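Here's a quick tour for anyone who likes to read a structure with the viewer open. Pull up the coordinates and follow along.

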Amino acid sequence: MSVELESLFRLDGKVIVVTGAAGLLGSKHAEAIAAYGGIPVLLDLSKNTVEEQASQLSERYNVNALGFAIDITDESQVERNAEWLFDNYGKIDGLVNNAANNPKVEESSEKNFSRLENFPLDIWNQDVAVGLTGAFLCAKHYGAKISKNSLGGSIVNISSDLGLIAPDQHLYMKEGLDEEFQAVKPVTYSVVKTGLIGLTRYLATYWADKGVRCNAMCPGGVENGQPEEFLKKVNAKIPMGRLAQPNDYQGILIWMLSNASSYLNGSIIPIDGGRTTW
Ligand SMILES: NC(=O)c1ccc[n+]([C@@H]2O[C@H](COP(=O)([O-])OP(=O)(O)OC[C@H]3O[C@@H](n4cnc5c(N)ncnc54)[C@H](O)[C@@H]3O)[C@@H](O)[C@H]2O)c1
């Protein structure tokens with residue numbers, strides 16, 4: 001194997017912005033980037049959390065990771081941060097649009113707010129603001145910097161298997177509860193995750209002549225303390241018979257960000273144990 005082939009997946013020196021980096025999957029994305037020699041720039045709402053994460057990654061992987069408290073729905077914060085990174089690193093190579101409001105489906109003793117009939121307009125606006133407007137603003141400002149690289153770069157949008165299929169609301173049903181009290185997966189989740197696929201296609205063509213690739217990862221659900229009853233029902237819908245573990249997406253992310261996927265552009269990739277195949 002030639003040296004070039006051996007280093008196909010390396011991210012040495014690449015400055016890669018990860019939104020929602022303090023979350024369950026964002027922290028795994030940032031770790032994977034650092035492990036492959038990249039410089040993860042961790043963005044999330046809490047300054048202490050991202051700074052602490054960045055310092056741990058820098059020490060463990062000997063990279064210059066940085067964390068910033070940035071609300072991605074605020075264009076001035078995003079714009080200033082993109083300028084700062086560009087001035088200080090001289091370039092930005094990648095962006096992982098990962099942040100989203102991740103609504104837990106919870107039962108309630110009141111008429112359940114998650115149901116379409118009750119869904120509050122302000123929650124719709126907040127979910128769209130983070131998941132879609134935030135991704136647009138990051139693409140606009142960090143993406144524009146990536147487009148100035150002589151070698152281009154890679155944008156990865158984190159969609160979901162629920163960007164490809166509708167949620168099966170039977171999965172969330174509790175026996176003995178009247179319909180109006182039953183929780184559902186909110187409408188915003190489907191809309192935001194499907195919208196990111198549109199953003200992916202748009203970006204994949206927009207800066208293609210400048211070497212900027214854009215692809216969407218559509219992860220399946222991650223096992224994270226859900227009740228046994230739910231796991232039994234959802235596992236039956238997945239050919240591999242299980243939800244994902246939080247580190248199941250790290251290899252795919254490295255592939256999508258690195259030269260190993262140099263001709264991958266505009267692809268919408270389900271990584272869901274086969275759920276959308278059935
Ligand atoms: N966990 C899953 O089962 C699963 C499955 C498929 C897809 N996804 C997608 O993967 C991504 C990460 O999911 P997760 O489980 O790690 O979610 P998470 O809730 O653990 O993390 C999301 C992070 O985004 C941050 N965030 C929210 N609003 C923000 C804002 N305005 N500015 C900056 N950061 C903000 C939150 O503080 C949080 O740390 C999401 O896009 C989610 O929809 C998750």
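The notes below cover the ligand site, then the aromatic pairs, the charges over rings and a couple of loop residues. Keep in mind that this is a predicted model.

## Around the ligand

Let's start with the ligand, which has 26 residues around it. Leu25, Asp44, Asn98, Tyr189 and Lys193 are the closest of these. Sort the shell by class and you get 13 nonpolar residues, ten polar ones and three charged ones. As for where the shell comes from, helix H2 (24–35) and helix H6 (187–206) each put in at least two residues. H2 has the largest share, with three residues.

Now for the polar atoms next to the ligand's oxygens. Asn98 brings a backbone N or O atom to 2.7 Å from a ligand oxygen, and Val222 does likewise with a backbone N or O atom at 2.8 Å. With Asn102 it's the side chain that takes part: one of its polar atoms lies 2.9 Å from an oxygen of the ligand. How much of the ligand does the protein bury? Out of the 820 Å² that the ligand exposes when taken alone, 85% is buried by the protein.

## Aromatic pairs

Next up, the rings. There are five aromatic pairs in the structure. One of them is Tyr172 with Phe230: the ring centres are 5.8 Å apart and the planes sit at 20°, under the 30 degrees cut-off, so this pair counts as stacked. It ties together distant parts of the chain, given that Tyr172 and Phe230 are 58 residues apart. Tyr172 belongs to the loop between strand S5 (153–158) and H6, while Phe230 is in helix H7 (residues 228–235). Both Tyr172 and Phe230 are buried.

Then there's Tyr206 with Trp207. Stacked or edge-to-face? The planes of these two rings are at 80° and their centres 5.2 Å apart, so the pair is edge-to-face. The partners have their own levels of exposure: Tyr206 is partly exposed, at 47% relative accessibility, whereas Trp207 has a relative accessible area of 12% and is buried. Bring in Tyr202 as well, and you have one aromatic cluster made of Tyr202, Tyr206 and Trp207.

## Charges over rings

Two lysines are worth a look here. Lys185 has its charged end over the ring of Tyr189, 4.7 Å from the ring centre. That's the Tyr189 listed above among the closest residues to the ligand. The other lysine is Lys145, which lies over the face of Phe86 at 5.0 Å from the centre of that ring.

## Two loop residues

Back to the loop between S5 and H6, where you'll also find Asp161. Buried or exposed? Asp161 has a relative accessibility of 5%, so it counts as buried. Its side chain makes a polar contact of 3.1 Å with the side chain of Ser160.

Last stop: Pro120, in the loop between strand S4 (94–97) and helix H5 (121–146). With a relative accessible area of 25%, Pro120 is partly exposed. If you want a distance to check in the viewer, go from Pro120 to Val156: they're 36 residues apart in sequence, and their C-alpha atoms are 30 Å apart in space.

Note on methods
Residues numbered from 1 in each chain as written. Predicted model: local features only at pLDDT ≥ 70, side-chain atom pairs only at ≥ 80, totals over all residues. Heavy atoms only, no water. Near = heavy atom within 4 Å. Polar contact = N/O pair within 3.5 Å; in protein donor to acceptor, adjacent residues only side chain to side chain. Areas by Shrake-Rupley, 256 points an atom, 1.4 Å probe, with all protein chains shown as cover. Helix = DSSP H or I, 4+ residues; strand = E, 2+ residues; numbered from the N terminus. Nonpolar A, V, L, I, M, F, W, Y, C, P; charged D, E, K, R; others polar. Phe/Tyr/Trp six-rings, centres within 6.5 Å; stacked < 30°, edge-to-face > 60°. Buried < 20%, exposed > 50% of the residue type's maximum accessible area, 1.4 Å probe, protein only. Lys NZ or Arg CZ within 6 Å of the ring centre and 35° of its normal.
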